[in-house]
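Subject: Structure handover

Hello,

Here is the structure you asked to look at. Please open it beside this email and follow along.

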Amino acid sequence: MLPKIKILDEKNKMLHMVSKDITFPLDNKIKTALEDSLKYLEMSQIEKYSEKYHLRPGMGLALIQLGIPKRAFVVVDEVDEGKFEKYIIINPKIISHSEELIYVEEGEGCLSVNRPVDGVVARYARIKVEAQDLEGNVCTYRLREDLSVAFQHELDHLNGILFVDKIDKKDPFKGKDRMRAI
Ligand code: NI
C-alpha cells in the first residue's frame, strides 16, 4: 500500500520556513511521517509502483515537504537493482566538506517542484554530516557524489531553500566551468 502522504508544491510558502530542531523521545507523528516518506520514496523508485500510482521517482523528502516544520529528512538510495539503502536523518549538521564542487548535469529534481527546471546547483563533492537517528543517537555519515548532493538538497529544505532558488535566473549555467558534472 502506498502511504498516504501529501507533498507540498513549491507554491506553498511553508516550504520557505526554517524548520525547528527535533527533541527526543521522538513524537509519534514525526516517526510515522519519516517512515511513510521512506516507504513512499522506495515505491517511487520501483517501476511497478511508480506506474501503478503515477509517482515521480524521488530520492529524498524533508518533513517540511509534508507540512511539518521540523529538522529531519529521509533519503532512499538504490545501491543495487531492487536493493535500497535508507537514511533517516534528524537534526543534521555538515561538519566538514570538500573544496571540490559538483553539479547534477541533467538537473536536480524535487518532489515539490512539478515543472522542469534547467540550471546548475553547486554542491560539495563530499561532505561529512552529523545527525541523530530515531532513538536520538548521534551518527556520522561520509557522503559523496549523488548521495552528497541528495543530503545537501534535503538540508537546504530544512532552511527553507529549494534548489530552484539557487539557480541564477538570468544565467542558469553560471559557474559551471568551476565544477565537475556528475
Ligand atoms: Ni526537494
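How many disulfides does a search of the whole structure find? The count is 0. Keep in mind that this is a predicted model.

**The nickel site**

One cysteine has another role here. The nickel ion is coordinated by three atoms: SG of Cys 110, NE2 of His 153 and NE2 of His 157. The distances run from 2.1 to 2.3 Å. Along the sequence, the spacing of these donor residues reads C-x42-H-x3-H. Cys 110 sits in the loop between strand 4 and strand 5, while His 153 belongs to helix 3 (residues 145-158), so this pair ties together parts that are 43 residues apart in sequence.

Are Cys 110 and His 153 buried or exposed? Cys 110 is buried, at 5% relative accessibility. His 153 is buried too, with a relative accessible area of 7%. The cut-off for buried is under 20%. Compare Cys 139: its relative accessible area is 21%, so it counts as partly exposed.

Now find Phe 163. Leaving aside neighbours within four places in sequence, Phe 163 is in contact with two of the nickel donors' residues, Cys 110 and His 153. Its other contacts are Glu 108, Gly 109, Val 113, Val 117, Val 121 and Arg 123.

**The strands**

Start with the open sheet. It has 3 strands, in the order 5-4-8, and the pairing is mixed. Strand 5 (123-124) and strand 8 (180-181) are at the edges. Each has a single partner strand, so one side of each has no neighbour in the sheet. Strand 4 (residues 101-103) pairs with strand 5 in the antiparallel sense, over 2 bridges. Look across from Leu 101 and you will see Tyr 124 in strand 5.

Next, the hairpin. Strand 6 (residues 126-132) and strand 7 (residues 138-144) run antiparallel and are joined by 7 bridges. Gln 132 stands opposite Val 138 of strand 7. The hairpin has 5 residues between its strands. Gly 136 takes a positive phi there, near 95°.

Glu 130 is in strand 6. Its relative accessible area is 34%, so it is partly exposed. Which residues does Glu 130 touch, not counting those up to four places away in sequence? In strand 7's direction, look for Val 138, Cys 139 and Thr 140. The others are Asn 91, Pro 92, Lys 93 and Ile 95. Ile 95 is 35 residues from Glu 130 in sequence, but the two C-alpha atoms are 6.6 Å apart in space.

**A glutamate in helix 1**

Glu 42 lies in helix 1 (residues 28-44). Glu 42 counts as buried, at 14% relative accessibility. Beyond residues up to four places away in sequence, Glu 42 touches Val 76, Phe 84 and Lys 86.

**The cores**

In soluble globular proteins, nonpolar side chains tend to be buried together. Here, the largest nonpolar core has 26 residues. Phe 73, Phe 151 and Phe 163 have the most contacts inside it. Five elements give two or more residues to this core: strand 2 (72-80), strand 3 (83-97), strand 6, strand 7 and helix 3. Which element gives the most? Helix 3 does, with 5 residues. There is also a second, separate core of 24 residues, which includes Leu 2, Leu 34, Met 43 and Leu 111.

**The aromatic rings**

The count comes to 4 aromatic pairs. One of them is Tyr 87 with Phe 151. This pair is edge-to-face, with 5.5 Å from centre to centre and 85° between the planes. It links distant parts of the chain, since Tyr 87 is in strand 3, Phe 151 is in helix 3, and they are 64 residues apart. Both residues are buried.

Tyr 141 and Phe 151 make another pair. Their ring centres are 6.2 Å apart and their planes meet at 45°, so the pair is tilted. Tyr 141 is in strand 7 and Phe 151 in helix 3, so this pair ties together parts 10 residues apart in sequence. Tyr 141 is buried at 16% relative accessibility. Phe 151 is buried at 0%.

Finally, step back and view the rings together. Ring pairs link Phe 73, Tyr 87, Tyr 141 and Phe 151 into a cluster.

Best wishes

Technical notes:
Residues numbered from 1 in each chain as written. Predicted model: local features only at pLDDT ≥ 70, side-chain atom pairs only at ≥ 80, totals over all residues. Heavy atoms only, no water. Pairing = 2+ DSSP bridges. Helix = DSSP H or I, 4+ residues; strand = E, 2+ residues; numbered from the N terminus. Donors = N, O, S within 2.8 Å, 3.2 Å for Na, K, Ca; no water. Buried < 20%, exposed > 50% of the residue type's maximum accessible area, 1.4 Å probe, protein only. Disulfide = S-S within 2.5 Å. Contact = heavy atoms within 4.5 Å. Core = buried A, V, L, I, M, F, W, Y, C linked by side-chain atoms within 4.5 Å. Phe/Tyr/Trp six-rings, centres within 6.5 Å; stacked < 30°, edge-to-face > 60°.
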